[in-house]
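Hello,

Here is the structure I promised to pass on. Please open it first, then read my notes below.

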Amino acid sequence: MARLSIDDPSYLVGVPDEFQRLWTPHRMVYIQNNQQPGQDECPFCHAPKMSDEDALIVARGTFAYVILNLFPYNSGHLLVCPYRHVAMYDEATPEEVAEIGSLTQTAMRVITQVSHNDGFNIGINQGAVAGAGIAGHLHQHIVPRWAQDANFFPIIARTKALPQLLGDVRAAIAAAWPSHPDE
């Protein structure tokens, strides 16, 4: 039996083989930056000061807004954030909680209309220990799911294949967002 040598160039990346590679270097910022930003650097406090297109904001309410996740699990992965910088759900006011819920319901309807997804993962990671990427500012995830979207990229390569650009997803969801919450 021949021994495999790591010096053998036939086993190095870049040598043609049967695998396809999806390079996502933009995710290195997220993967390597394991620090929590301070309140003065909070992207969820800064985003509402920008244009909707530049910040990837889909809709704005009175107490909360809806923004695309810059590092999405799936196309259409939205975040619902209160404008106020609070870390935990129990720190949100009743008005913030009600609007986060209402915006979440509207987001589900709009994503389903635009993306024809089969289901959702919805959740809030509270605190860095619970996996919150930005632990200091409460945000609820709305992740559309499709019956056929399961693959091994996330498990093996820690990579997610995203078929649409963020700007295109934001434009489609924002265009479909109702002008009145009851629509």
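Arg 170 is buried, because its relative accessible area is 10% and the cut-off for buried is under 20%. Keep in mind that this is a predicted model.

What does Arg 170 pair with? Its partner in a salt bridge is Glu 53. The closest N and O atoms lie 3.5 Å apart. This pair links distant parts of the chain. Arg 170 belongs to helix H6, residues 166–176. Glu 53 belongs to helix H3, residues 52–55. The two are 117 residues apart. Glu 53 counts as exposed, because its relative accessibility is 51% and exposed means over 50%.

How many salt bridges are there? The count comes to three. Here are the other pairs.

Glu 96 forms a salt bridge with Arg 84. Here the closest N and O atoms are 2.9 Å apart. This pair, too, links distant parts of the chain, with the two positions twelve residues apart in numbering. Glu 96 is in helix H4, residues 94–115. Arg 84 is in the loop between strand S3 (78–82) and H4. Is Glu 96 buried or exposed? Glu 96 is buried, at 3% relative accessibility. Arg 84 is partly exposed, with a relative accessible area of 36%.

Asp 52 and Arg 60 also meet in a salt bridge through their side chains. The N to O distance is 2.7 Å. Asp 52 is partly exposed, at 24% relative accessibility. Arg 60 is partly exposed as well, with a relative accessible area of 37%.

Side chains of opposite charge can pair when their charged atoms come close.

Now to the helices. H4 holds Glu 96, and H6 holds Arg 170. How do H4 and H6 cross? Their axes come within 9 Å and cross at roughly 115°. The crossing is right-handed.

Which residues make the contact? From H4 come Val 110, Ile 111, Gln 113 and Val 114. From H6 come Ala 172, Ile 173 and Ala 176. By class, the contact has six nonpolar residues and one polar residue. It has no charged residues. Gln 113 is the polar one, because Val, Ile and Ala count as nonpolar.

To look at this yourself, begin with Arg 170 and Glu 53, the pair that joins H6 to H3. Then turn to Glu 96 and Arg 84. Finish with the contact of H4 and H6.

Best wishes

How values were computed
Residues are numbered from 1 along each chain as its sequence is written. This is a predicted model: local features need pLDDT of at least 70, side-chain atom pairs count only at pLDDT 80 or more; totals for chains, interfaces and linings use all residues. Side-chain values use heavy atoms; hydrogens and water are left out. A salt bridge is a side-chain nitrogen of Lys or Arg within 4 Å of a carboxyl oxygen of Asp or Glu. Buried means under 20% relative accessible area, exposed over 50%, partly exposed in between (1.4 Å probe, protein chains only). Helices (H or I, at least four residues) and strands (E, at least two) are DSSP runs, numbered from the N terminus. Axes are lines fitted to C-alpha atoms, for helices over the stretch in contact, and angles run from 0 to 180 degrees between N-to-C directions. A crossing is left-handed if the near helix is turned anticlockwise from the far one by less than a right angle, and right-handed if clockwise. Contact means heavy atoms within 4.5 Å.
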